[in-house]
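Let's take a walk through this one together, from the helices inward and then out to the loops. Keep the viewer open and follow along as the residues come up.

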Amino acid sequence: MKQHRDDRPLPFPTLSAALAHWAASTPRALALTAASDELTYADLSRRVSRCAGWLAEQGVGPGDRVVIVGHNTVAWVVHYLAVLSMGAVIAPANNRLNPAQFADQVDLLAAVLVLADEEHRDIVARVPAQRVRALSENNESAANATFPSPDAEAPALISFTSGTTGKPKGATLTQGALAEASWAFVRVLGTDNTDSTLVVVPMFHNTGFVDQLGHMLLLGARTDLLHKFSRVAAVEALLARPVTYLAAVPSVIRLIMLADGADAALAPLRTLLYGGSPMPAPWIQELLERWPRIRPFHGYGMTEYGSAVSFLTPEYARDFGESVGFAVPGTTIRIVGDNNADVTPGDVGELWVKGPTIMQGYWRQPELTASKIHDGWLRTGDLARLDNGLYYIEGRVDDVINRGGEKVLPAHVECLLASIQAVGQSCVFGVPDPIMQNRVWAAVEERPGETFDPIAAREALCPLLPDYAVPERIEILNPMPRTASGKIDRRAVAAHFKDLAMQALAPRG
């Protein structure tokens with residue numbers, strides 16, 4: 001199969017250099033909007049410079065860590081870019097953390113400053129007050145501040161891996177890697193300065209600050225911000241200020257597709273990026289029929305690699321929608337077995353990746369970094385296979401269900417469940433068993449207006465799977481818990497059914 005390639009080199013060494021260039025060459029072009037607020041590139045550059053001066057007055061210097069938490073606002077973007085411009089290190093925080101988890105991240109970073117908007121004051125409750133400042137549009141010094149151009153090899157960003165439990169893991173990216181990660185989308189999607197995007201995901205997520213904001217900034221294009229996602233708010237924003245490019249997980253895209261006004265709201269789109277999980281084939285089919293001008297891309301990426309690892313390009317979307325496509329130009333992928341040797345094409349192994357956007361490591365966790373990076377290769381923890389030139393993700397190494405010695409890949413079973421009309425989303429998980437080690441269960445979120453039949457679903461799966469892989473029970477869970485990025489939270493689903501599983505597996509007297 002033919003791989004899409006665009007070898008245009010990165011035009012700017014850092015995002016700060018891109019902002020300075022566009023502020024000088026296209027000062028009146030719109031750079032950032034939020035509701036009725038509009039900033040040109042000249043406006044944005046001036047605001048960033050003055051904010052950097054204010055940060056310096058608060059004691060922030062090159063290399064210092066600054067944590068930012070809040071909803072999608074102009075102030076969030078201005079502070080984010082200001083920290084980068086002065087050579088400090090920005091750490092976008094998940095706004096769904098509890099105060100103890102948030103404090104753990106701040107302590108790990110030894111952050112000199114924490115910026116929080118009014119809606120997130122509770123999350124900073126355990127951080128010493130002298131280190132906390134309001135994330136406000138009024139945080140500007142009286143004059144523009146000037147700093148030396150950031151070194152492309154210097155740390156720029158610490159992004160914590162998705163999930164809200166366990167020890168914090170902050171992946172550290174350099175200034176140059178952050179810019180390269182954003183440019184990867186230009187090279188594959190073919191976007192230019194006539195494009196624009198609406199950020200519907202939380203800005204702390206890579207999709208927001210790399211796939212969209214950084215991407216548009218390198219092009220001198222426009223980024224619109226949705227304060228907080230709801231499908232009604234998203235459609236209203238798209239109708240009020242049309243965009244050509246949208247990025248989100250499939251479940252969020254589906255919510256927008258089903259909303260009133262979606263036909264007109266999505267009509268101007270040229271490019272749609274989805275990731276986090278495959279988009280069910282019926283959704284792709286509907287998307288292509290209702291909005292034939294849209295080019296859908298399936299992206300696969302991870303925090304430790306900046307964002308994008310591979311893309312499935314539009315010409316393969318209809319027939320190979322479960323695939324994550326080809327490696328991003330400049331990125332190399334291996335599928336590795338238990339002996340650290342490449343597996344035969346078609347076999348499943350762990351996906352390893354190497355390229356210019358790989359993290360420096362986990363912040364102040366050298367042992368964890370050493371377990372993740374092997375001779376320059378990043379071990380993703382994702383199971384994958386290469387089939388006819390296309391890569392397929394088969395789940396997480398940690399998610400594999402061991403049922404009496406037989407290995408079950410949840411993602412494969414979930415793809416089969418997705419073909420059932422009443423299934424909106426599904427989640428396959430293991431239930432601990434003292435004899436079998438695990439039993440296979442599944443949860444289903446019903447498609448709006450449909451009624452799911454668990455018995456009929458099991459009957460449909462039986463001819464398609466070995467008997468040990470057919471879920472013993474399929475429960476309905478409307479809605480299923482999701483992570484901050486919109487993905488189904490597999491561990492939360494399993495926890496939801498913990499008591500029911502214990503009752504089902506208890507010995508009967």
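**A walk through the fold**

Set aside the neighbours within four places in sequence, and Ser16 is left in contact with Leu84, Ser85 and Pro150. Ser16 belongs to helix α1, which covers residues 15–25. With a relative accessibility of 18%, Ser16 counts as buried, because the cut-off for that label is under 20%. Bear in mind as you look around that this is a predicted model.

Now for the nonpolar interior. The largest nonpolar core holds 112 residues, and the members that touch the most others are Leu44, Leu55, Tyr80, Leu81 and Val200. Pick Leu44 and look at who surrounds it: beyond four places in sequence, Leu44 is in contact with Leu19, Ala31, Leu32, Leu39, Val78 and Leu81. Another core lies apart from that one, with 20 residues, among them Leu97, Phe102, Val124 and Val127.

Next, the rings. How many aromatic pairs does a search of the whole structure find? It turns up 7 aromatic pairs. One of them is Trp76 with Tyr80, a stacked pair with 5.2 Å from centre to centre and 20 degrees between the planes. Both sit in helix α3 (residues 74–85), and because they are 4 residues apart there, about one helical turn separates them. Trp76 is buried at a relative accessible area of 0%, and Tyr80 is buried with a value of 0% too. Phe429 and Phe497 form a stacked pair as well, since their ring centres are 6.0 Å apart and their planes meet at 10 degrees. What does that pair bring together? Phe429 is in strand β24 (residues 423–433) while Phe497 is in the loop between α14 (490–496) and α15 (498–505), so the pair ties together parts that are 68 residues apart in sequence. Phe429 and Phe497 are both buried. Back at Trp76 and Tyr80, ring pairs link these two with Phe209 into a cluster.

Rings also come up alongside charges here. Arg334 places its charged end over the ring of Trp377, 5.3 Å from the ring's centre. Arg385, for its part, lies over the face of Tyr392, with 4.3 Å to the ring centre.

Helix α7 is a good one to look at end-on. In this helix (residues 231–240), the buried residues include Ala234, Val235 and Leu238. Looking down the axis of α7, you'll find its buried residues within an arc of 95 degrees, so they line one face of the helix. Val232, Glu236 and Ala240 are exposed on the other side of α7. And what do the buried residues of α7 pack against? Their partners are β9 (196–199), α8 (250–257) and α9 (262–266).

On to the cysteines. The disulfide count comes to 0. Cys427 is in no disulfide, and the nearest cysteine sulfur, which belongs to Cys415, is 13 Å away. Since a disulfide here needs two cysteine sulfur atoms within 2.5 Å, Cys427 does not qualify with a nearest sulfur at 13 Å. Cys427 is buried, with a relative accessible area of 1%, and Cys51 counts as buried at 0% relative accessibility.

Out in the loops, try Ser419, which lies between α12 (410–418) and β24. Ser419 is exposed, having a relative accessible area of 55%. Its C-alpha atom is separated by 7.7 Å from that of Pro282, though the two residues are 137 residues apart along the chain.

Finally, some backbone angles to check. Most residues other than glycine have a negative phi, and most peptide bonds are trans. Against that background, Asn478 and Pro479 are joined by a cis peptide bond with omega about -10 degrees. Pro479 is in the loop between β26 (473–476) and α14. Ala110 has a positive phi, near 50 degrees, and is not a glycine. You'll find Ala110 in the loop between α4 (99–109) and β5 (113–116), where it counts as partly exposed at 33% relative accessibility. Arg364 is not a glycine either, and has a positive phi of about 55 degrees. Arg364 sits in the loop between β18 (361–362) and α11 (366–372), and is exposed with a relative accessible area of 54%.

Definitions and conventions
Residues numbered from 1 in each chain as written. Predicted model: local features only at pLDDT ≥ 70, side-chain atom pairs only at ≥ 80, totals over all residues. Heavy atoms only, no water. Buried < 20%, exposed > 50% of the residue type's maximum accessible area, 1.4 Å probe, protein only. Core = buried A, V, L, I, M, F, W, Y, C linked by side-chain atoms within 4.5 Å. Contact = heavy atoms within 4.5 Å. Phe/Tyr/Trp six-rings, centres within 6.5 Å; stacked < 30°, edge-to-face > 60°. Helix = DSSP H or I, 4+ residues; strand = E, 2+ residues; numbered from the N terminus. Lys NZ or Arg CZ within 6 Å of the ring centre and 35° of its normal. Arc of directions from axis to C-beta.
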